[in-house]
Amino acid sequence: MAGKKAYTNVHILIDKRLRIYQRLDVKSDSFYARARFPPQKGYRVFSTKTSDLATAIQYATNHYYDLAGRQSLNISTKPQSFQSLMLDWLDYKDRLRRTKPTKEKTTYRSKFDKFIKPYFDSLTGDSRLDDINKIKQRHISAYWEFRFNYWNQRHQTPQYVKSRYGNNRPKYMNAKRLSHRKPAYATLEIEAQMIRSFLDWCVKRGHLSANNLPDVINPIVKKVQGDNWNTRGIFTEDEYRKVRDFIMFRADNDYYWRAGEVQTSVHHTFKMERMRVFFFTASAFGLRPQELKRLKFEHVKLIRDVDNNIEYSVIDLSADMVKPNPDGTQHQRRVYSFDNHLAFNRIHKRWRRVMRETLGRAEDDDYIFPKWIPLKKRKTTNHTEYADMGTAFRKTLESMEPPLHRGVDGRPRSVYALRKFYITQRIKHGVPLPALALNTGNTIQVMWKHYVALTSDDMRDYLVRRNEDIRRSEIKELFGGEFID
């Protein structure tokens, strides 16, 4: 290497392992180091960031032994930044889910782009994490502090974007409204789980030592204690009927139009009928909100049992629509409605007719719950955007008197409340848990922990039901003698 014109002032520090030199093909006069780590092939090149020979020798030697120590622990000798490795990890998670490239970001990617990447990009000096192996507990603690003050900081120093007139304007978003609020426990728990999973992946891939892992603990204390502290609210049977009657009344009566709302009657009809079919579809099938929003007409089918002359409404969910398993895999699922043919009739007969009358079309590949499309844009759209029915349902609950968007225990009610109501009612009607778990895409353990809200009184008819001959035999065996009523 000493004979090459691109290098000069070569010093061998460890024979066949480490040498430093100055480069002639760059403007900098700093010393560079080239290190080998047999039996690994190739070499690592790094800058000593100094032109002083003594300082360069000390830096190169210390860094070499640091990298050699990593090699002895089966840790990669190639330093990589926190941000670049997390991008690799996000790609790995997408491959596990077998997701197709879409414009939609996963929750983890959104968190990374909005919070994690800007924070670690802003680190300078000794705090900068160009090498994941240098991560310390102080980096995690400082990140939580950054998250606590994120919206307040955004409010004080907003980002600037181009307006439609070409001017720079501040992008306040929700900064002003959220400037005095702290993030919730559930919000930070997503990021805590994300960072923990990422660091575990770094250990398995040899980028980080298991002895060097910082503790990633959610800094927010849980407000509600107990095994089901994080569960959402559920409807009682009376509350469910009130919500049902309220939604049906609004769909059958042009209430808002007569009250002077600034919207066309067609617009109101579309929204109210969409909420009606959404409510009954969620109640009849027990689907997750993310499964409901991506439903298309082609997914809902009517199956006839010729032998018993019974019709069944089913929804065939594709693999990319269902929630991933813990190992990242996704499998398609067929979901049966409890009300047989009625669910199919509500969707494919009534709702398709309303969509054709209000939007002008309702094809098989259209979303069942699309956004309202203004009349002037209907000819240029292909109905590829679905509506945020979760927000619409919550606003419906808030508009009731009294509001039902929260339960008596203060837990928020969302579309998941309909799923929980479906599961609870099916259990009360004697559906076996294994069959219900298959239909809802859950495990039995998760169903009991998060969804079921039953007491022994609810199951009384099933608890006391037994075969009379077996009952007589048991009493005779337990108490002896002849059976006496």
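**Close-up views of a predicted model**

**View 1. Charged side chains over aromatic rings in the predicted model.** The charged end of Lys296 is placed over the ring of Tyr367, at 5.0 Å from the centre of that ring. A second case involves Arg346, which lies over the face of Phe280 with a distance of 4.3 Å to the ring centre.

**View 2. The aromatic pair of Tyr119 and Tyr143.** The structure holds 27 aromatic pairs, and one of them is formed by Tyr119 and Tyr143, whose rings meet edge-to-face with 5.3 Å from centre to centre and 65° between the planes. The pair links distant parts of the chain, since Tyr119 belongs to helix α3 (residues 107-121) and Tyr143 to helix α4 (residues 137-148), and the two residues are 24 residues apart. Tyr119 is buried, with a relative accessible area of 5%, and Tyr143 is likewise counted as buried, at 1% relative accessibility.

**View 3. The aromatic pair of Phe270 and Trp351.** The rings of Phe270 and Trp351 form a tilted aromatic pair, with 5.7 Å between the centres and 40° between the planes. Phe270 lies in helix α10 (residues 265-285) and Trp351 in helix α12 (residues 342-358), so the pair ties together parts of the chain that are 81 residues apart in sequence. Both Phe270 and Trp351 are buried.

**View 4. The open sheet of β1, β2, β3 and β4.** In this sheet 4 strands follow the order β1-β2-β3-β4, and their pairing is antiparallel. Strands β1 (7-14) and β4 (44-47) stand at the edges and have a single partner strand each, so one side of each is left without a neighbour in the sheet. From one strand to the next, the twist averages 25°. Strand β2 (residues 18-23) is joined to strand β3 (residues 31-35) by 5 bridges, the two strands running antiparallel, and Leu18 stands opposite Ala35 in β3.

**View 5. The open sheet of β7, β8 and β9, with helix α12.** The order of the 3 strands in this open sheet is β7-β8-β9, again with antiparallel pairing. Because β7 (300-305) and β9 stand at the edges, each with a single partner strand, one side of each is left without a neighbour in the sheet. Neighbouring strands of this sheet are turned against each other by 35° on average, direction ignored. Between β7 and β8, which run antiparallel, there are 6 bridges, and the bridge partner of Arg304 is Glu311 in β8. Helix α12 lies across β7 and β8 and runs at about 140° to β7.

**View 6. The surroundings of Pro183.** Pro183 is located in the loop between α6 (175-178) and α7 (185-204), and at 15% relative accessibility Pro183 counts as buried. Although Pro183 and Phe148 are 35 residues apart in sequence, their C-alpha atoms are 6.5 Å apart in space. Not counting residues up to four places away in sequence, Pro183 touches Arg147, Phe148, Leu188 and Ile220.

**View 7. The surroundings of Val322.** Val322 is found in the loop that runs between β8 (310-317) and β9 (333-336), and with a relative accessibility of 7% Val322 counts as buried. Val322 and Gln332 are 10 residues apart along the chain, and their C-alpha atoms are separated by 7.0 Å. When its neighbours within four places in sequence are left aside, Val322 is in contact with Glu291, Leu317, Gln330, His331 and Arg333.

Technical notes. Residues are numbered from 1 along each chain as its sequence is written. This is a predicted model: local features need pLDDT of at least 70, side-chain atom pairs count only at pLDDT 80 or more; totals for chains, interfaces and linings use all residues. Side-chain values use heavy atoms; hydrogens and water are left out. Rings of Phe, Tyr and Trp (its six-membered ring) pair if their centres lie within 6.5 Å; planes under 30 degrees apart count as stacked, over 60 as edge-to-face and the rest as tilted. Helices (H or I, at least four residues) and strands (E, at least two) are DSSP runs, numbered from the N terminus. Buried means under 20% relative accessible area, exposed over 50%, partly exposed in between (1.4 Å probe, protein chains only). A charge sits over a ring if NZ of Lys or CZ of Arg is within 6 Å of the ring centre and within 35 degrees of the ring normal. Two strands pair if DSSP finds at least two bridges between them. Axes are lines fitted to C-alpha atoms, for helices over the stretch in contact, and angles run from 0 to 180 degrees between N-to-C directions. Contact means heavy atoms within 4.5 Å.
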